[in-house]
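Q: I'd like a close look at one part of this protein: the nonpolar core. Could you walk me through what builds it and how it sits in the chain?

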Amino acid sequence: MALTIDAELKKRPLVGEAIDELSSWHPREFIAAFERWHQGSISLAHLNVLILLDAHGTLKMSRLAEALDVSVASATGIVDRMEKRGLVERVHDLEDRRVVLVSVAEGGRNTLRALDERRRAGLAILVPRLTDDQLRGLLEGHRALREARAEMIRERSEHAADDETGS
């Protein structure tokens, strides 16, 4: 039986310390970093759309609106502005012309790539400040966290498959 988070924190105080440390970046700091990284080239709403499309691939306009928690009309306005800037492209579904599909365009891919390059450049300034022991610990921790995330995703997929088959 899975432990509740409170029970886990009592059992393993380091779990709480790790959560506190990993979540210590305040949203204001994130916004400030984002504004530095993107240098005014894209809004948070547009970035959100690009990230959703990058993660999920082409989406129906209705699904994109749902993911953004906005009306289809609002999503259409956002996509209109993004399409004019070459960030996304729209096509009609070949099977149902009423369905509008949205995908990342070359300009959007370039924007995501530029943001990643700026993030990496920032890390290239910060990471060398760590000692080799700190770097080894950081790498070990990040690799373990990535594996734990992958394991959790596998478990969720297995449970979803079980739920679909009624097992």
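A: Sure! One term before we start: helices and strands here are DSSP runs, at least four residues for a helix and at least two for a strand, numbered from the N terminus. Keep in mind that this is a predicted model.

With that in hand, read the chain from its N terminus and you get α-α-α-α-β-α-α-β-β-α-α. That makes 8 helices and 3 strands.

Now for the core. The largest nonpolar core holds 21 residues, and the ones touching the most other members are V49, L50, L53, L64, M82, V88 and V102. Several elements chip in at least two residues each: α4 (44–56), α5 (61–68), α6 (72–84), β3 (100–104) and α7 (106–126). The top contributor is α4, which gives 5 residues.

Let's zoom in on V88, one of those well-connected members. Skip its neighbours within four places in sequence, and V88 still contacts V49, L50, L53, V79, M82, E83, V102, S103, V104 and A105.

How does that fit into the whole chain? Of its 167 residues, 22% count as buried. The radius of gyration is 20 Å, while a compact globule of 167 residues would have one near 15 Å. Along the principal axes, the C-alpha atoms fill a box of roughly 55 × 50 × 25 Å. And if you take contacts between residues at least 6 apart in sequence, 41% join residues at least 24 apart. As for the outside, the accessible surface is about 12600 Å², with 55% of that belonging to carbon and sulfur atoms.

Terms used. Residues numbered from 1 in each chain as written. Predicted model: local features only at pLDDT ≥ 70, side-chain atom pairs only at ≥ 80, totals over all residues. Heavy atoms only, no water. Rg over C-alpha atoms; globule rule 2.2 N^0.38 Å. Buried < 20%, exposed > 50% of the residue type's maximum accessible area, 1.4 Å probe, protein only. Contact = heavy atoms within 4.5 Å. Areas by Shrake-Rupley, 256 points an atom, 1.4 Å probe, with all protein chains shown as cover. Core = buried A, V, L, I, M, F, W, Y, C linked by side-chain atoms within 4.5 Å.
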